[in-house]
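The following exercises concern a predicted model. Please examine the structure and attempt each task before reading its solution.

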Amino acid sequence: MRFSFLIPFLFILCRFSTVSTCDKRYESIFSFGDSLADTGNFLLSGALAFPVIRELPYGETFFRHATGRCSDGRLIVDFIAEAFGIPYLPPYLSLGKGKSFRHGVNFAVAGATALDPEFFYHQKLGRILWTNNSLSVQLGWFKKLKPSICTTKKGCDNFFRKSIFLVGEIGGNDYNYPFFVGGSIKQVQALVPLVVEAITKAASMLIEEGAVTLMVPGNFPIGCSAVYLTIFRSPNKADYDENNGCLKAFNAFAQYHNTHLKLALDKLGLKYPHAKIIYADYYNAAMPLFQAPRSFGFYNGALRACCGGGGPYNFNNSARCGHIGSKACNDPSSYANWDGIHLTEGAYKIIATCLINVSFSSPP
């Protein structure tokens, strides 16, 4: 999809619109997913002895300290919370430390998959999983917490009708793990029906538990990610999109996933006509940033990471952001890409604003 004729319009709406203008119809958010939404669960889980996201430069832009978010600052879920006047969501694993959950909880875990870990262990990929806290585990956490929120059907209905359930982004890691060990696009494409089914089953379960409004994001254009551009760097110019420098084949893969997910959500909507199931088009909300980064204030571009260990896209797997040999840029607001895998707070803010104020959510 070409965005050149839309850039001035999107520039005004997405860059200068506020994300705090929504009405107050929602009072809580329950978030599930991976590192694109995790606000601290991975850190609290102790999955790694020395995770780099527990220290600066992670968190340097807004919080001024590391929070467990895989960015320099706030994430899309944080901006959605701001839009509805909801406090930032506490990570589920922090609830024993006096945190309130009346305004919602974040169950997302960095590295999480839509499919259960057993699937990846069967595929001999278990050793590279960041976490075993997959989507089904996160759903289990929600069901465990639910009696603390409400105890009767009427009470749950009243509470959850004023809640947003953010189901993802999830599924990206289900593809990252096999891609990064040499899986072909054809091989990984075979996983799409399984991943989409896991996501829709999760949405179905949440509706059965009382959810009424669900936002289910698609995948980002992974062919524009510095990690993909580095690992799958090609001498063939035809492999790159001349409009943005992204890898065409991997962006086509992301769109393949998104198409299947949207079709599955449409079917789910027919099964649950009382529910509002919103498809969040992360792909097309993000694409203008890669097509015309300077128009959105990213004067150092959208493909090169702010924090990294060198190379054409400043992503070096042996010196990733936070590791020895890496360095963070002086001005993250001039970059769309944070660490080669995740985006900056500035990019997430624009994407969130596009989702809320522009037609990148269906239905709006």
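**Exercise 1.** How many residues of strand S1 (residues 28–32) are buried? Determine also which residues lie on each side of S1.

*Solution.* Step 1: A residue is counted as buried when its relative accessible area is under 20%. By this criterion, 5 of the 5 residues of S1 are buried, and the strand is mostly covered.
Step 2: In a regular strand, side chains alternate between the two faces of the sheet.
Step 3: On one side of S1 are Ser-28, Phe-30 and Phe-32, and on the other are Ile-29 and Ser-31. Both faces are covered.

**Exercise 2.** Identify the strands that pair with S1, and place S1 within its sheet.

*Solution.* Step 1: S1 runs parallel to strand S3 (residues 163–167), to which 5 bridges join it. In this pairing, Ser-28 stands opposite Ser-163.
Step 2: S1 is also parallel to strand S2 (residues 104–106), with 3 bridges between them. Here Phe-30 stands opposite Val-105.
Step 3: The open sheet consists of 6 strands in the order S2-S1-S3-S4-S5-S8, with mixed pairing.
Step 4: S2 and strand S8 (361–362) each have a single partner strand, so they stand at the edges, and one side of each has no neighbour in the sheet.
Step 5: At the S8 edge, strand S5 (residues 276–280) pairs with S8 in the antiparallel sense over 2 bridges. Ala-280 has Ser-361 as its bridge partner in S8.
Step 6: Helix H5 (residues 135–149) packs on the sheet and touches S1, S2 and S3; its direction makes about 155° with that of S1.

**Exercise 3.** Describe how helix H3 (residues 76–83) packs against helix H13 (residues 345–357).

*Solution.* Step 1: The axes are 8 Å apart and the packing angle is about 50°. The two helices are therefore oblique to each other.
Step 2: H3 passes H13 in a right-handed crossing.
Step 3: H3 contributes Ile-76, Phe-79, Ile-80 and Ala-83 to the contact, while the residues from H13 include Tyr-348, Ile-351 and Leu-355.
Step 4: The contact residues divide into 9 nonpolar, no polar and 2 charged.

**Exercise 4.** Is Phe-250 buried or exposed, and which residues does Phe-250 touch?

*Solution.* Step 1: Phe-250 lies in helix H11 (residues 248–271).
Step 2: Its relative accessible area is 8%, so Phe-250 is buried.
Step 3: Not counting residues up to four places away in sequence, Phe-250 touches Phe-179, Ile-185, Ile-222, Gly-223, Tyr-228 and Phe-232.
Step 4: The C-alpha atoms of Phe-250 and Cys-224 are separated by 8.5 Å, although these residues are 26 residues apart along the chain.

Definitions and conventions: Residues are numbered from 1 along each chain as its sequence is written. This is a predicted model: local features need pLDDT of at least 70, side-chain atom pairs count only at pLDDT 80 or more; totals for chains, interfaces and linings use all residues. Side-chain values use heavy atoms; hydrogens and water are left out. Buried means under 20% relative accessible area, exposed over 50%, partly exposed in between (1.4 Å probe, protein chains only). Helices (H or I, at least four residues) and strands (E, at least two) are DSSP runs, numbered from the N terminus. Two strands pair if DSSP finds at least two bridges between them. Axes are lines fitted to C-alpha atoms, for helices over the stretch in contact, and angles run from 0 to 180 degrees between N-to-C directions. Angles under 35 degrees count as roughly parallel, over 145 as roughly antiparallel, 65 to 115 as roughly perpendicular and the rest as oblique. A crossing is left-handed if the near helix is turned anticlockwise from the far one by less than a right angle, and right-handed if clockwise. Contact means heavy atoms within 4.5 Å. Ala, Val, Leu, Ile, Met, Phe, Trp, Tyr, Cys and Pro count as nonpolar, Asp, Glu, Lys and Arg as charged, and the others, Gly among them, as polar.
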